[in-house]
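Okay, thanks for coming, everyone. I'll walk through one model this morning, so have the viewer open and follow along with me.

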Amino acid sequence: MLDGHVTRTRTTMELFLVLVSLLFVTRCGKTTAEESAPAVINMVVREGDDAVLSCSFGSRSTELELFDWKKDGQKEVFMYDRGTHYNNNPTNQDPDFRGRVFHFAQQLDVGNASVVIRPTKVTDSGSYTCDFPFHQPSRRSHIVLVVDPVLKNRPDISGASPEPIVKILAETDKGVQVHCAVKGAFPKPVVQWKDRAGNIVPAEEPQVSERRGSYDVILQTTVTKTDYYQCVATQKEIKHRVYTETLVLVPVPGASPEPIVKILAETDKGVQVHCAVKGAFPKPVVQWKDRAGNIVPAEEPQVSERRGSYDVILQTTVTKTDYYQCVATQKEIEHRVYTETLVPVHVPGNRSGWIVVDFWRGFCLLFFWLFFWL
Ligand SMILES: *[C@@H]1O[C@H](CO)[C@@H](O)[C@H](O)[C@H]1NC(C)=O
């Protein structure tokens, strides 16, 4: 600001010197100093925020001086006169500013006559000047203040909260952890989790962060039953409310029932056996074992999920006659259950033998029958 002031003064000086030489006027120096306009500071604040109006000249104390802030050249905003000011003696202060304008007592020492309007109103928008009427050469600071009402009137283009972003994080033994993020909202939104009936779901402490004047809020909670849940962001000040609804499935812990075992078919590799474990949560580990307890290598298990519980199908082909167990284990709930079954396996090499034997036996029977008949 000081630089601008100096430059402008210099330019005006030069202009003035030209004028002087043209018009033969002699009082250039003084006139220039007095009439040079101060640099105008433009300020924009949001309605309700503080506005610090700056007025500072060098380091000489202003404690024993008089300075006067006016709005639009007429309204008395704030006057300080050697310790007396509008907050201890509001004689001529415009009622509009009563109790809202403060100077910085500690800053007077260093020549700082700035004031703050706290809080601002839309009607504060205007042109402010700070004058030291008894100071030579005269001092003045000039500020054009705009108090932006945009947030109150047009929530759609202001910091109205966008739709919350909801994520399902993880299943824990307490339920399902859900995460809601509301980003870039101003004023600061209140964020809540609600169930479908509209009851507020107790949540963790919200994590609030501020970025360039707008707020990000993250709210996590753990829900314990299957329902539709809403993450709701409310900005009361601008009458704005927005939510995202999501279905959260909370699995009910269910011990696996006994596996259902079926003998499917005999192939030339052995006998195909099938094991089905239905409606188990947490997801069971399913294995085929022989009677000695050895794990029988099996096909890839087929896993499907239905409303939070699991169905697992495991097939294998066994190559020798034995008792086989299909075992379902749920380590998390220390549950194990099995079904045992005898699987007869005909040695593939012998099978044709059986047919041959049967064939000959039948042939002989027929032969003897015919022999005796005849
Ligand atoms: C004057 O004081 C105000 C309030 O403390 C401060 O914001 C401002 O920066 C100061 N001005 C100068 C030039 O130091």
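Let's start at a proline. P119 sits in the loop between β7 and β8, and the peptide bond joining R118 to P119 is cis, with omega at about -5 degrees. Before going on, the usual reminder: this is a predicted model.

There's another cis bond, between F186 and P187, again with omega at about -5 degrees. P187 is in a loop too, the one between β11 and β12 (190–195).

Now zoom out for a second. The chain has 374 residues, and 37% of them are buried. DSSP-wise, we have four helices and 23 strands. If you take contacts between residues at least 6 apart in sequence, 59% of them join residues at least 24 apart. For the surface people, the chain exposes about 23,100 Å², with carbon and sulfur atoms supplying 56% of that.

Okay, the core. In soluble globular proteins, nonpolar side chains tend to be buried together. Here, the largest nonpolar core has 24 residues, and the ones with the most contacts inside it are L53, F67, W69, F78, Y128 and L145. Several strands feed into this core with at least two residues each, among them β3 (66–71), β4 (75–81), β8 (126–131) and β9 (140–148). Click on L145 if you want to see a well-connected one: beyond its sequence neighbours up to four places away, L145 touches M43, V45, A51, I117, D124, S125, G126 and Y128.

Next, the ligand. Which residues are around it? They are S56, F104, Q107, N112 and S114. On its own the ligand exposes 360 Å², and the protein buries 50% of that. The shell breaks down into one nonpolar residue, four polar and no charged. Look at N112 in particular: a polar side-chain atom there comes out 2.4 Å from an oxygen atom of the ligand.

Moving along to H179, in strand β11 (residues 175–185). Is H179 buried or exposed? Its relative accessible area is 13%, so H179 counts as buried, given that the cut-off for buried is under 20%. The side chain of H179 makes a polar contact of 3.0 Å with the side chain of Q220. Leaving out neighbours within four places in sequence, the contacts of H179 also include I165, V166, K167, L169 and W193, plus I218 and L219.

A160 is a loop residue that is still covered. The loop runs between α3 (150–153) and β10 (165–172), and A160 counts as buried because its relative accessibility is 17%. The C-alpha atoms of A160 and K188 are 9.4 Å apart, with these positions 28 residues apart along the chain.

Last stop, backbone torsions. R82 has a positive phi, near 45 degrees, and it isn't a glycine. R82 is in the loop between β4 and β5 (84–85), and with a relative accessible area of 56% it is exposed. K239 is another non-glycine with positive phi, about 50 degrees. You'll find K239 in the loop between β15 (227–235) and β16 (240–248), and K239 counts as exposed at 80% relative accessibility.

That's my tour. Questions?

Key
Residues are numbered from 1 along each chain as its sequence is written. This is a predicted model: local features need pLDDT of at least 70, side-chain atom pairs count only at pLDDT 80 or more; totals for chains, interfaces and linings use all residues. Side-chain values use heavy atoms; hydrogens and water are left out. A residue is near a molecule or strand if one of its heavy atoms lies within 4 Å of it. A polar contact is a pair of N or O atoms within 3.5 Å; within protein, one must be able to donate a hydrogen and the other to accept it, and residues adjacent in sequence count only if both atoms are side-chain atoms. Accessible areas come from the Shrake-Rupley method with a 1.4 Å probe; for residues, only the protein chains shown count as cover. Ala, Val, Leu, Ile, Met, Phe, Trp, Tyr, Cys and Pro count as nonpolar, Asp, Glu, Lys and Arg as charged, and the others, Gly among them, as polar. A nonpolar core is a set of buried Ala, Val, Leu, Ile, Met, Phe, Trp, Tyr and Cys residues joined through side-chain atoms within 4.5 Å. Buried means under 20% relative accessible area, exposed over 50%, partly exposed in between (1.4 Å probe, protein chains only). Contact means heavy atoms within 4.5 Å.
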